[in-house]
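Take a look at the fold below. Start with the charged side chains, then follow the helices that carry them.

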Amino acid sequence: MRVLAYEVRRLRGLRSTWFLLGAVLLADAVVTALLARQLPAGELGAAAAVRTVTAVVPLLPLPIAALGAGALGALSYGHEVRHPGLPASRVSYRRRLALLTGKLAVTGVVAALLAAVTVAVDAPVLRLALAPGAHAHRVFSAAAVHPDHFGRAGSVLQPLLVFLGVVVFAGWVGLLLTSLVRSAAAGLLILCALPVLAEPATTLALRQFGSGGWPEQLREVLPVGLPYDLERLPSGNGPLVLGVLLAPPVVLLAGCLLLQARRRAL
């Protein structure tokens with residue numbers, strides 16, 4: 001609990017935290033409004049709705065909220081390197097692991113809240129900025145977000161949950177990458193390059209396990225090199241989604257644990 005309280009105080013006391021969160025929400029709202037103005041007339045489908053409220057654009061390797069979460073995780077560790085709370089001689093391996101765990105927990109919670117607030121802000125922006133003749137009544141109906149309709153055509157609940165997972169994992173990956181390179185800027189750059197570098201290998205692995213390619217729900221929130229047609233996630237591919245999302249943090253965490261054993265400071 002002390003580690004969590006310490007990390008919350010540190011994160012809350014940094015002006016960069018609030019500036020970053022505000023910039024992410026503002027940028028998301030602006031991009032959502034611009035995308036909404038370009039939607040065709042008629043009833044808005046689940047695919048276009050998810051792309052719009054999550055501000056997925058082809059020019060960025062990740063959604064804006066995921067980039068913000070990754071930057072938040074990178075700055076959390078980078079600030080610890082620049083301004084350590086404890087002298088290096090007193091930071092034992094056990095204490096370093098506890099502090100790293102606390103940072104992962106706090107970053108994960110903040111990233112999840114950021115994803116939820118992003119969707120909550122962008123949904124009304126989408127409705128207000130829709131192009132003339134476009135409608136979104138069906139997408140925002142109770143059936144579209146009802147748990148009983150999870151995974152069915154027209155439901156936005158499953159892709160939005162995948163979006164939340166991507167944002168949380170981006171925060172964790174940004175933090176773990178920074179812990180390896182000990183530079184927030186370098187960690188964030190590697191995070192931005194990771195989807196592009198990992199896409200061919202991941203696609204090959206998914207095909208080897210019986211999938212025709214990237215799971216359809218991930219195509220909505222990982223724009224780099226992926227198709228933009230959202231269909232229902234094929235039956236039985238749910239574990240693939242989880243595996244694709246969990247693989248980078250798990251590998252990085254293992255690397256961090258091994259590297260921390262050879263360091264004397266965080």
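K103 and E7 are both buried. Buried here means under 20% relative accessible area, against over 50% for exposed and partly exposed in between (1.4 Å probe, protein chains only). The model is predicted: local features need pLDDT of at least 70, side-chain atom pairs count only at pLDDT 80 or more, and totals for chains, interfaces and linings use all residues. Residues are numbered from 1 along each chain as its sequence is written, and side-chain values use heavy atoms, with hydrogens and water left out.

What joins the side chains of K103 and E7? They meet in a salt bridge, 2.8 Å from N to O. The term covers a side-chain nitrogen of Lys or Arg within 4 Å of a carboxyl oxygen of Asp or Glu. K103 sits in helix α5 and E7 in helix α1, so this pair ties together parts that are 96 residues apart in sequence. Helices (H or I, at least four residues) and strands (E, at least two) are DSSP runs, numbered from the N terminus.

How many salt bridges does the structure hold? There are three. Another joins the side chains of E80 and R10, at 3.0 Å from N to O. E80 belongs to helix α4 (residues 64–82) and R10 to helix α1, so the pair ties together parts 70 residues apart in sequence. E80 is buried, and so is R10. E80 also forms a salt bridge with K103, where the closest N and O atoms are 3.2 Å apart. That pair links distant parts of the chain, with E80 in helix α4 and K103 in helix α5, 23 residues apart. Both of these residues, E80 and K103, are buried. The result is a network of salt bridges that links E7, R10, E80 and K103.

Now turn to the helices themselves. Two packed helices are described by the angle between their axes and the distance between the axes. Axes are lines fitted to C-alpha atoms, for helices over the stretch in contact, and angles run from 0 to 180 degrees between N-to-C directions. Helix α1 (residues 2–13) packs against helix α5 (residues 93–129) at an angle of about 55 degrees, with the axes 9 Å apart. That makes α1 oblique to α5. On this scale, angles under 35 degrees are roughly parallel, over 145 roughly antiparallel, 65 to 115 roughly perpendicular and the rest oblique. The crossing of α1 past α5 is right-handed, meaning that the near helix is turned clockwise from the far one by less than a right angle, whereas anticlockwise would make it left-handed.

Which residues of α1 meet α5? They are V3, L4, Y6, E7, V8, R10 and L11, and their partners in α5 are A98, L99, G102, K103, A105, V106 and V110. Contact means heavy atoms within 4.5 Å. The contact of α1 with α5 has 10 nonpolar, one polar and three charged residues. Ala, Val, Leu, Ile, Met, Phe, Trp, Tyr, Cys and Pro count as nonpolar, Asp, Glu, Lys and Arg as charged, and the others, Gly among them, as polar.

Helix α4 has another partner. The axes of helix α2 (residues 15–37) and α4 come within 9 Å and cross at roughly 170 degrees. The two helices, α2 and α4, are therefore roughly antiparallel to each other. From α2, S16, T17, L20, V24, A27, D28 and V31 meet I64, A65, G68, A71, L72 and L75 in α4. The contact of α2 with α4 divides into nine nonpolar, three polar and one charged.

Look closer at L72, in helix α4. L72 is buried, with a relative accessible area of 4%. Leaving aside neighbours within four places in sequence, L72 is in contact with L11, T17, L20 and V110. L72 and W18 are 54 residues apart in sequence, and their C-alpha atoms are 10.0 Å apart.

L104 lies in helix α5. L104 is buried too, with a relative accessible area of 15%. Not counting residues up to four places away in sequence, L104 touches W172, L175, L176 and L253. L104 and G73 are 31 residues apart in sequence and 8.0 Å apart in space, C-alpha to C-alpha.

Finally, step back to the whole chain. The protein has 10 helices and two strands, in the pattern α-α-β-α-α-α-β-α-α-α-α-α along the sequence. Of its 266 residues, 48% count as buried. Among contacts with a separation of 6 or more, residues 24 or more positions apart account for 76%.
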